[in-house]
Amino acid sequence: MKKDIRVKILEIQRHANASVLMTVIPADGSMLPSIAPGQFVNIKVPDTDGVFLRRPISVCDVEENRLYLYIKPAGKGTMSLCSLKQGDEFDVLLPLGNSFTVAGEAGRFLLVGGGVGIAPLLYLGRVLRSKGSKVEFLLGGASKADLEMADEFARYGDVHVTTVDGSMGVRGFVTDHSVISSDFDAIYSCGPTPMMKAVANVARSRDIHMEASLENHMACGLGACLCCVENTKDGHRCVCTDGPVFNIKDLNWE
């Protein structure tokens, strides 16, 4: 059930690439609604001239009534959010969208993220690990500065890294890492579309189930404005309501 609540910033970790990991709690002390891995929130940006639309942000993690949000400045709205301080408050609509499919039985899973798209994979990894699954993360960035959260992921599984400039891990893209050729029961991914399409090609060639969380531009987050429509094999579907997570078999990515 979606709720519009006010949250207070409990802690902010600032990273070298200007991104922040923000920990928030309900300002009134109430309990957060149930949130599944892959869902997102829509934040009302406080006190920022010219910013009227909410900003969709992936849920990075949920633990002990604390919501973790990984935000990277990309425009006026997200820049404003990244400038907030401990104790500041804002309104957030949550939870929105669908979620990754988490099987009941344990297995071996590869979670592939690029850029800010690494965010929802942390929560997913924790949930999969809690079910006894073997979790491996494959995280890509332009440089080491984009991957300061790697240690957070290491709590739930093995972490493999690629960077375009070679400053951390394997030089190149995620598809250049040898782990992607290993056997997995499923692959989950979030990040730039070209990256996910390349990973999808690997998954299809090996008949591995894969789900991708799309990052289409959004406005309302409720399926009313049709800003985030994706042309799928079932026709045009709103990423904010029918997604953001899709089985790659339903996407026109061939």
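**Helix α2, its sheet, and the strands around β6**

Helix α2 lies across β7, β8 and β11, and runs at about 170° to β7. The model that shows this arrangement is predicted.

The helix spans residues 119-130, and ten of its twelve residues are buried, so α2 is largely enclosed by the rest of the structure. The buried positions are Ala-119, Pro-120, Leu-121, Leu-122, Tyr-123, Leu-124, Gly-125, Arg-126, Val-127 and Leu-128. These residues pack against β4 (55-63), β5 (66-71), β7 (108-114), β8 (134-141), α3 (150-153) and β11 (186-190). After the helix comes Gly-132, whose phi is positive, near 90°.

The strands beneath discussion here belong to an open sheet of seven strands with mixed pairing, in the order β10-β9-β8-β7-β11-β12-β15. Its edges are formed by β10 (170-171) and β15 (245-247); each has a single partner strand, so one side of each is left without a neighbour in the sheet. Strands of a sheet pair through backbone hydrogen bonds, in either the parallel or the antiparallel sense. Between β7 and β11 the pairing is parallel and consists of five bridges. Within this pairing, Val-112 stands opposite Ser-189 in β11.

Attention now turns to strand β6. This strand covers residues 89-96 and is mostly covered, with six of its eight residues buried. Strand β1 (residues 3-14) pairs with β6 in the antiparallel sense over six bridges, and Val-7 has Phe-90 of β6 as its bridge partner. Strand β3 (residues 40-44) also pairs with β6 in the antiparallel sense, over four bridges. Here the bridge partner of Lys-44 is Asp-91 in β6.

Strand β3 also contains Asn-42. Is this polar residue buried or exposed? The cut-off for a buried residue is under 20% relative accessible area. At 1% relative accessibility, Asn-42 therefore counts as buried. Its side chain reaches the backbone oxygen of Cys-220 at 3.1 Å. Leaving aside residues up to four places away in sequence, Asn-42 touches Arg-54, Arg-55 and Pro-56, as well as Asp-91, Val-92, Leu-93 and Leu-96, and also Ala-219, Cys-220 and Gly-221. Among these contacts of Asn-42 is thus Asp-91, the residue of β6 that is the bridge partner of Lys-44.

Methods: Residues numbered from 1 in each chain as written. Predicted model: local features only at pLDDT ≥ 70, side-chain atom pairs only at ≥ 80, totals over all residues. Heavy atoms only, no water. Buried < 20%, exposed > 50% of the residue type's maximum accessible area, 1.4 Å probe, protein only. Helix = DSSP H or I, 4+ residues; strand = E, 2+ residues; numbered from the N terminus. Pairing = 2+ DSSP bridges. Contact = heavy atoms within 4.5 Å. Axes fitted to C-alpha atoms, helices over the stretch in contact; angles between N-to-C directions. Polar contact = N/O pair within 3.5 Å; in protein donor to acceptor, adjacent residues only side chain to side chain.
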